[in-house]
Amino acid sequence: MTRRVALVTGGSRGIGAAVAVRLASEGADVVITYARSAERAAAVVTQIEAAGTRGLALEAEAADAGALVAAVERTVAEFGRIDVLVSNAGIAPYGPLEEVTLAEVDATLAIHARASFVLAQAAARHMREGGRIICIGSSLAERVPYPGWTLYAMSKSALTGLTKGLARDLGPRGITANLVHPGSTDTEMNPADGEEAEEERRFSALGRYCDPADIAATVAHLAGEGGRNITGTAVVVDAGTTA
Ligand code: NAP
């Protein structure tokens with residue numbers, strides 16, 4: 001990853017922070033975005049720099065297409081290029097179907113699906129041969145084992161079409177596009193000691209949660225040389241929840 005530049009959205013904590021630090025440990029300069037956690041984003045930049053590479057944190061609301069394009073443009077302006085895009089920022093709307101509002105539908109689709117499209121389109125304008133676009137989906141896009149997740153699952157399923165289309169649009173330029181579907185992963189979104197955690201563990205073949213580092217390892221593989229012939233597909237990292 002030496003001399004490569006990565007942009008990771010939602011890099012202030014959880015899976016995005018683990019991905020950012022992992023890519024830095026492999027030699028990449030890494031720009032992260034956040035919505036509200038400026039201090040925590042700064043702490044992740046310190047970890048990136050401790051790996052000996054350059055880091056930068058930018059505020060960029062994922063529902064704001066202009067802010068996302070600006071983050072891509074700032075990455076290129078500061079670092080001269082963009083090689084890896086990891087579209088990770090996300091939320092977890094959950095609840096009875098009857099109570100989901102149209103505002104929640106629009107916000108969730110904007111943060112997950114529209115943001116990933118806008119980021120990919122903006123990054124593709126600058127990416128060179130060897131570029132990598134990686135979206136973070138969810139195992140709930142593959143299988144929905146419990147009620148209450150219809151909106152979330154729908155918003156993450158949209159990333160399948162996005163990834164396949166990007167693979168075809170950008171393949172001729174030597175750019176890959178892939179999707180990583182985490183299962184239950186121990187973050188603030190879904191703590192391994194949370195109320196639903198035991199049930200989620202029971203649904204997994206291995207009987208355990210993933211760590212953010214597990215997701216980061218798969219992203220790093222796809223982003224590196226090992227991912228050169230993997231495109232238009234999804235890798236599920238879910239301890240066997242969808243088995
Ligand atoms: P997390 O710990 O809650 O972190 C979410 C990250 O996204 C933070 O950096 C947050 O920034 C950022 N973010 C949230 N809303 C945003 C918005 N509107 N605009 C810009 N940034 C925003 O979540 P996580 O568990 O790491 O999840 C990361 C991704 O993995 C998400 O797409 C999620 O759907 C997916 N995922 C997670 C799990 C799981 O079990 N944890 C399972 C499957 C998929 P701030 O810190 O500034 O708020």
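Biologist: Which side chain has an N or O atom 2.7 Å from an oxygen atom of the ligand?

Modeller: This is a predicted model, in which local features need pLDDT of at least 70, side-chain atom pairs count only at pLDDT 80 or more, and totals for chains, interfaces and linings use all residues. Residues are numbered from 1 along each chain as its sequence is written, and side-chain values use heavy atoms, with hydrogens and water left out. The side chain that places an N or O atom 2.7 Å from a ligand oxygen belongs to Ser12.

Biologist: How much of the ligand's area does the protein bury?

Modeller: Accessible areas come from the Shrake-Rupley method with a 1.4 Å probe. Taken alone, the ligand exposes 900 Å². Of that area, the protein buries 96%.

Biologist: At what distance does a polar side-chain atom of Glu61 lie from a nitrogen atom of the ligand?

Modeller: The backbone also takes part, since an N or O atom of Arg36 lies 2.6 Å from a ligand oxygen. For the side chain of Glu61, the distance from a polar atom to a ligand nitrogen is 2.8 Å.

Biologist: Is Thr33 buried or exposed?

Modeller: Thr33 is found in strand E2, residues 29-34 (strands are DSSP runs of E, at least two residues, numbered from the N terminus). Its side chain reaches the backbone nitrogen of Gly10 at 3.1 Å. Buried means under 20% relative accessible area, with a 1.4 Å probe and protein chains only. Because its relative accessibility is 2%, Thr33 counts as buried.

Conventions
A polar contact is a pair of N or O atoms within 3.5 Å; within protein, one must be able to donate a hydrogen and the other to accept it, and residues adjacent in sequence count only if both atoms are side-chain atoms. Helices (H or I, at least four residues) and strands (E, at least two) are DSSP runs, numbered from the N terminus. Buried means under 20% relative accessible area, exposed over 50%, partly exposed in between (1.4 Å probe, protein chains only).
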